[in-house]
Amino acid sequence: MKIDFKWLRHQLLVVFACGLFYFALSVPFIDFLRLSETTEVRPYCVLPFFLSVVYGLPGAIGTAIGNVFSDMYYGGMDYRIYFLGFNFQLIYGYGGSCLWKYLRRRDSNIFRLDKVSKIAQYLLIILLMSIVITVMVWATLYSLYSLPFFGVGFLSTLLNHLIFFIVPGIPFFVIYSYYLQKNNPAARPADGKTYLFTLTEKFILFFLLISLIISLIVSAGAYIFFTSYNLYDQTTMWSYIYIISGITLYVCLWPTLIVLRNVESQISSPIEDLAAIGRHFGELNDIGAEIKMIKSVTEQYVVFNSEVGTMAKSFQTMSHKIEEYILKLTTISKEQTRVATQLNIARDIQNGVFPDPLTFPEADFHAAIRPALQVGGDFYDYFRIGENKVGFVIADVSGKGIPASLFMMISKIIIQQNLENGLTPGQALTKSNNEICRNNRADMFVTVFCARLDLKTGVLEYSSAGHDHPIVSINNGDFTILQNKTGFVLGEIEDVSYTDVALQLNRGDIVFVYTDGVPEAVNNDNEQFGFERMVSSLNASRDKSMKELCENMWKAIDDFAGEAQQFDDITMLAIRKN
């Protein structure tokens, strides 16, 4: 079996340090605070228990050895006293610590006195230990020296232990508990924070202080009384004062614990539990579990006819409100999901009505659209009319969203049908306007730029119903805004006539049409993109394909707008005659 010398050296060091500390602390009291020939004021009597709790068996052995040397220093004792004293220290010191650790076996911090039940257990343990050591000591003195078993000496020894296990003992528990919390996370409360005192501990220490003050006042009164009448010699007088002080302390302390138990159950513990709700709220990922936890804590306190009950009812009301709010949010979320699904379907349907790309040797076409919402009111269209002509339309419906999308599709179908039936753009708009007005119960309207290009001759016939002017580049020149005549919007007034305008396109000529979402795009300063930036972007892309021209326009708009939200649909269509 391999011996761990490092561990053994540490244990021996603990034994030596505890023994030296015990002996050094006992000497002044032996010399200056004797109560009789056999005992003295012994505050160091608590060391076997406390050092055993902290260091275990090595602490108990160290104090037992220190007690042997203390008895030797006392002098005049039978050698058997040393052996018995050593064993007495082990029995009541190590035995008491083992009993305390057993009672605190489920606590992460065995020094924390945060419950009245722990104080009561501590007092019962020290009462048991005090009786055991006192009986063992005076039975030994009676056996060896024939000293009276019961008497002033017996009471002095008993009360010496009882007093000093409380007066320095409980503060030691508090200080060491704080030390552990500061240096050992495992000894901290469940929330991981360090609290020197809980509310219950404050009450306990306060009433302990009151009991101690009362005991000191009674002792001072006894001292004045004894000295005034010269009833006893100094040693006997101090023995009686010692006895009176201890009895007073315990007479005050036990009724105080009964009061504290009521305070703990009715005030401090409920407040700590309710405070923990706020401290720990949000730690659970499941809001339902959070609400269940709040209800489980508050339901035991709502019956209190005090401020605690009022506070518990407030927390319970809060949990009900949160539950109702979560239910509403869940309902809203489901509705939003349903609406989003419908919008996605509408978007897919709308995207399906836009034409597939067409290629012609005689012309380069490209169109693009970006709705402000999932579905929009802008639309574009191009399609063959006979063998040599192509019709194209770009339009902007009033409003946005699903209503605009529905109105857009109706308008698109009507205009396309009229153009395919051989009508000129002006005639198609005139007839389309009447058809739209007859069924326009929503009182919506649409601006339209409608055109027909003859691929052979290059003649572009077009008509405008309230739409923005096209921008053209003729004979490889810079782009300019074409100031064409425009009629009234479709869908508002019946029997409006729209006229046709013809424009001859030669090789390299470009026509760019768009909706008002292009020039009216804004940035974070609410500044509009404007026509100058549009023309500048078009001029920079004049020699590129129509797809690249439109993509560069998108890039220019995006660079200008930055993080600003798009508030209107944007659509553009470009044609170059090859």
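Which residues form a nonpolar patch on the surface? In this predicted model, the patch consists of Phe206, Leu209, Ile210, Ile213, Ile214, Ile217 and Val218, and together these residues have about 580 Å² of accessible area. One of them, Ile214, lies in helix 8, which covers residues 199-229. The numbering of such a patch is easier to understand with a general point about helices in mind. An α-helix has 3.6 residues a turn, so residues three or four places apart point the same way. Ile214 itself has a relative accessibility of 36% and therefore counts as partly exposed.

The cysteines offer a second subject. A disulfide is a covalent bond between the sulfur atoms of two cysteines. A search of the whole structure finds zero disulfides. For Cys18, the closest cysteine sulfur belongs to Cys98 and is 15 Å away, which is too far for a bond, because a disulfide requires the two sulfur atoms to be within 2.5 Å. The search from Cys98 leads back to Cys18, again at 15 Å. The surroundings of each cysteine may also be described: Cys18 is buried, with a relative accessible area of 4%, whereas Cys98 is partly exposed, at 34%.

The next stop is a strand. Strand 1, formed by residues 363-370, is mostly covered, since six of its eight residues are buried. Its partner is strand 10, residues 570-577; the two run antiparallel and are joined by eight bridges. Within this pairing, Ala368 stands opposite Met572 of strand 10. In a regular strand the side chains alternate between the two faces of the sheet.

Helix 14 comprises residues 530-540, and its buried residues are Gly530, Met534, Val535, Ser537 and Leu538. What lies over these buried residues? The cover includes strand 6 (471-473), strand 9 (510-514) and helix 15 (546-561).

The last residue to consider is Phe445, located in the loop between helix 13 (425-438) and strand 4 (446-454). Is Phe445 buried or exposed? The residue falls between these two classes: its relative accessibility is 29%, so Phe445 counts as partly exposed. When neighbours within four places in sequence are left aside, Phe445 is in contact with Asp396, Val397, Ser398, Phe407, Val489, Leu490 and Glu492. A comparison with Phe32 gives a sense of distance within the model. Phe445 and Phe32 are separated by 413 residues in sequence, and their C-alpha atoms are 110 Å apart in space.

Note on methods. Residues numbered from 1 in each chain as written. Predicted model: local features only at pLDDT ≥ 70, side-chain atom pairs only at ≥ 80, totals over all residues. Heavy atoms only, no water. Patch = residues over 30% accessible without salt bridge, like charges linked within 9 Å, V, L, I, M, F, W, Y side chains within 5 Å. Areas by Shrake-Rupley, 256 points an atom, 1.4 Å probe, with all protein chains shown as cover. Salt bridge = Lys/Arg side-chain N within 4 Å of Asp/Glu carboxyl O. Helix = DSSP H or I, 4+ residues; strand = E, 2+ residues; numbered from the N terminus. Buried < 20%, exposed > 50% of the residue type's maximum accessible area, 1.4 Å probe, protein only. Contact = heavy atoms within 4.5 Å. Pairing = 2+ DSSP bridges.
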